[in-house]
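Work through the exercises below with the coordinates open. Try each task before reading its solution.

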Amino acid sequence: MPAARALTASQADWLRVRSYLQEHRHDLTVAAAADFPADRKVAGTPLLAAPGWQPADPVPLQDLKLEFIPQSSPARTEPAAPPAAPPAALLPERPDGTRYPTYSAALGDLSAPVVFENRPTYRLTEAALPRLAFTRGRYFDGVDTGEAAAHEFAASRLGAPVAGLRARIADPCDLGRRPANLAISTLTLRFDAATGRASFLLHWRDPAKVGHAGGMYQVLPVGVFQPSGDAPWHERQDFSLWRCMLREFDEELRGRSEEYGPGPVDYDSWPFARHMTAALDRGQIRLWCLALGADPLTYATDLLTVAVIDGPVFDELFSLAPRGNAEGTVLAAREFAAHVIDRIVTGEPVQAAGAALLRLAWRHRDVLTGLPGPSDRLPTARTPALLHWEYRPAAGILGKTPPQVSHQAG
């Protein structure tokens with residue numbers, strides 16, 4: 001925003017609260033979590049879970065069952081409509097006397113981060129692991145509800161009257177009361193089979209570059225589950241957790257661009273994707289899901305996953321060295337050990353999802369880092385078994401088997 005721009009009193013107050021939110025996200029998250037009982041919290045962290053969101057044991061990623069039904073499908077009973085626009089108290093007044101129509105409109109005009117696009121997403125509508133159901137969504141759907149709810153909580157801590165949005169939503173884990181964009185949060189472990197030791201990286205999220213969780217630490221890679229583009233073929237061909245994870249590995253750990261061109265991503269000829277998929281086929285990469293959780297402050301919803309990568313494969317593709325990237329800074333590698341995890345979770349401003357994932361991963365370390373035998377290998381990522389999804393067309397026709405995927409097309 002230009003320095004010389006005149007602000008209304010309402011805009012200035014909104015920016016004051018926004019600044020407070022950005023500077024105190026971790027403390028505000030902990031405070032917001034205090035409103036919920038201990039049995040709703042994942043591994044003693046602020047992250048919240050509903051029944052069916054915390055399996056007793058790690059679930060191999062290929063065992064998750066994904067379902068996509070476009071919102072227009074007549075065969076689907078839609079969940080309750082999400083709340084209407086945030087109360088006026090959360091939307092500042094512009095010089096012409098009108099208020100911004102949405103929280104994302106105010107954020108984009110007054111304090112937009114570098115990465116701020118209203119891209120399509122797969123909106124999570126139902127969840128009881130191992131099943132996840134989705135429909136169409138947009139990135140700003142989550143901003144308009146979750147960041148607005150966080151703004152309300154921050155404002156109340158500064159003495160402002162409660163606006164009422166958080167009370168309307170009540171339970172962050174109730175997917176029928178708000179739009180939920182699913183983020184895939186992945187703890188990447190470089191595993192040394194000879195020593196049985198592992199290390200991991202953390203990411204500091206630059207508040208000037210990101211719209212969510214700026215100033216906090218997080219595992220990596222993390223990315224919203226979404227198509228790689230707006231065209232219809234992206235929606236179908238990218239409906240895969242593995243393909244989304246591949247793009248995030250390339251962007252966050254290798255520093256590559258998010259621009260994939262106008263057509264479908266050709267995963268079959270993309271050298272990086274082929275290398276990763278081949279390592280997955282050989283059991284040199286193991287993928288696990290540990291839980292699903294919602295942030296008590298922002299309602300951000302994360303699928304907690306772990307990628308265990310054997311040292312030689314990791315070293316061919318990635319680096320443990322610290323460096324900057326498009327969303328912040330990749331920090332120096334840490335030892336995957338109880339005292340290190342405890343120090344990070346209790347002493348650093350870590351996102352709730354990252355804190356829960358670190359603790360759960362340590363709890364299940366024997367399963368996660370156990371060397372797979374031939375019968376334990378994950379099925380190839382080139383088959384529907386790893387994708388394991390159903391894509392129902394708008395007409396609502398339900399097939400009994402997953403559709404075939406043209407990998408040359410993406």
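The exercises go from the whole chain to single strands and cysteines.

This is a predicted model, where local features need pLDDT of at least 70, side-chain atom pairs count only at pLDDT 80 or more, and totals for chains, interfaces and linings use all residues. Residues are numbered from 1 along each chain as its sequence is written, and side-chain values use heavy atoms, with hydrogens and water left out.

**Exercise 1. Describe the protein chain as a whole.**

Step 1. Count the elements. DSSP runs give helices (H or I, at least four residues) and strands (E, at least two), numbered from the N terminus. The protein chain has 13 helices and 15 strands.

Step 2. Check burial. Buried means under 20% relative accessible area, exposed over 50%, and partly exposed in between (1.4 Å probe, protein chains only). Of the 410 residues in the protein chain, 56% are buried.

Step 3. Take the surface. Areas come from the Shrake-Rupley method with a 1.4 Å probe; for residues, only the protein chains shown count as cover. The protein chain exposes about 16,500 Å². Carbon and sulfur atoms supply 53% of that area.

Step 4. Look at contacts (heavy atoms within 4.5 Å). Take those between residues at least 6 apart in sequence: 73% join residues at least 24 apart.

**Exercise 2. Trace the partners of strand β6.**

Step 1. Apply the criterion. Two strands pair if DSSP finds at least two bridges between them.

Step 2. Start with β5 (residues 180–192). Four bridges join β5 to β6 (residues 197–200), and the two run antiparallel. D192 has R197 in β6 as its bridge partner.

Step 3. Inspect the turn. The hairpin of β5 and β6 has four residues between the strands. There, G196 takes a positive phi near 75°.

Step 4. Move to β14 (residues 334–335). β6 pairs with β14 over two bridges, again in the antiparallel sense. S199 has E335 in β14 as its bridge partner.

**Exercise 3. Order the open sheet and find its edges.**

Step 1. Write the order. Four strands pair antiparallel as β8-β7-β13-β12.

Step 2. Locate the edges. β8 (217–218) and β12 (323–325) each have a single partner strand, so one side of each lacks a neighbour in the sheet.

Step 3. Zoom in on β7 (residues 203–205) and β13 (residues 328–330). Three bridges link this antiparallel pair. R205 stands opposite G328 in β13.

**Exercise 4. Report the disulfides and the burial of two cysteines.**

Step 1. Search for cysteine sulfur pairs within 2.5 Å, the disulfide criterion. The structure holds zero disulfides.

Step 2. Check the cysteines. C173 is buried at 6% relative accessible area. C244 is also buried, at 1%.
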